[in-house]
Amino acid sequence: MRGAIWFVVGAGAGVYAMVKGRRAAEAFTADGLRDRAQAIGVGARIFREELATGKAEKELELREWIETTRARSGGELARPPAPSEGVTARSAEARTAGPKQIGAAGAEQQRLGLNGPTEDPRQNMEGSNP
């Protein structure tokens, strides 16, 4: 019975190593490199679209503010709203949601803490001299 268990464990380890080896080898073929390049292009396109959407939302918000300020003050503009005053529902949601993570790689980065500092590094500096 003990030999059968070790046989199954060895077979499972062999299959696992073979699958990992195939994936690593495929990543460095022409098709694998092409797929990675296409993924970078898709990521850049998504980033560009998000940037354009945010820009359009902010522009709309500022235009509305200008119109309401001119209407109230008779054509004279006051100071623009502070970032915290002109928060839209989408920007508040994005600010509290944290960074976007895509797929298993993003989850792994979050688990390992590779998304950057989660706290202000200037905090908790008791007893240190600048």
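**Group meeting: a four-helix chain**

I'll start with helix α2. Its 44 residues should span 64 Å at 1.5 Å a residue, and its end C-alpha atoms are 64 Å apart, so expectation and model agree. The helix covers residues 30–73. After α2 comes G74, with a positive phi near 75°.

A word on what we are looking at. This is a predicted model. The mean pLDDT of the protein chain is 76, and 57% of its residues reach 70 or more. Confidence is highest in α2, at a mean of 93, and lowest in helix α3, residues 89–97, at 51. Where pLDDT is low, the predicted coordinates should not be read in detail. I will therefore spend my time on α2 and α1, given that the mean for α3 is 51.

Now the overall layout. The protein chain has four helices and zero strands. In sequence order the pattern reads α-α-α-α. Of the 130 residues in the protein chain, 6% are buried. The exposed area of the protein chain is about 11500 Å², and 61% of that comes from carbon and sulfur atoms.

Back to α2, and its buried positions. Which residues of α2 are buried? They are G32, E61, W65 and T69. What do they pack against? The buried residues of α2 pack against α1.

E61 is the one I would pause on, as a glutamate in that buried set. Its relative accessibility is 14%, and the cut-off for buried is under 20%, so E61 counts as buried. The side chain of E61 also meets that of K58 in a salt bridge, at 3.5 Å from N to O. Why are these two about one helical turn apart? Because E61 and K58 are three residues apart in helix α2. K58 itself is partly exposed, at a relative accessible area of 36%. This pair, then, joins a buried residue to a partly exposed one.

As background, side chains of opposite charge can pair when their charged atoms come close.

The count of salt bridges comes to four. I will show two further examples, both in α2. In one, the side chains of R63 and E59 meet at 2.8 Å, N to O. R63 and E59 are four residues apart in helix α2, about one turn of the helix. E59 is partly exposed, with 37% relative accessibility.

In the other, E49 and R45 meet through their side chains at 3.3 Å, N to O. E49 and R45 are also in helix α2, four residues apart, so about one helical turn separates them. Are these two buried, exposed or partly exposed? E49 counts as partly exposed at 42% relative accessibility, and R45 counts as partly exposed at 37%.

Last, helix α1, which runs over residues 2–27 and contains W6. There is a nonpolar patch on the surface here, formed by M1, I5, W6 and V9. Together these residues have about 530 Å² of accessible area. W6 has a relative accessibility of 59%; exposed means over 50%, so W6 counts as exposed.

To sum up α2: its span agrees with expectation, its buried residues pack against α1, and its salt bridges include E49 with R45, E61 with K58 and R63 with E59. On α1, the item to look at is the surface patch that includes W6.

Notes: Residues are numbered from 1 along each chain as its sequence is written. This is a predicted model: local features need pLDDT of at least 70, side-chain atom pairs count only at pLDDT 80 or more; totals for chains, interfaces and linings use all residues. Side-chain values use heavy atoms; hydrogens and water are left out. Patches are made of residues with over 30% relative accessible area and no salt bridge: like charges are joined within 9 Å, nonpolar side chains (Val, Leu, Ile, Met, Phe, Trp, Tyr) within 5 Å. Accessible areas come from the Shrake-Rupley method with a 1.4 Å probe; for residues, only the protein chains shown count as cover. Buried means under 20% relative accessible area, exposed over 50%, partly exposed in between (1.4 Å probe, protein chains only). pLDDT is the predictor's confidence in each residue, from 0 to 100. The expected span of a helix is 1.5 Å times one less than its number of residues. Contact means heavy atoms within 4.5 Å.
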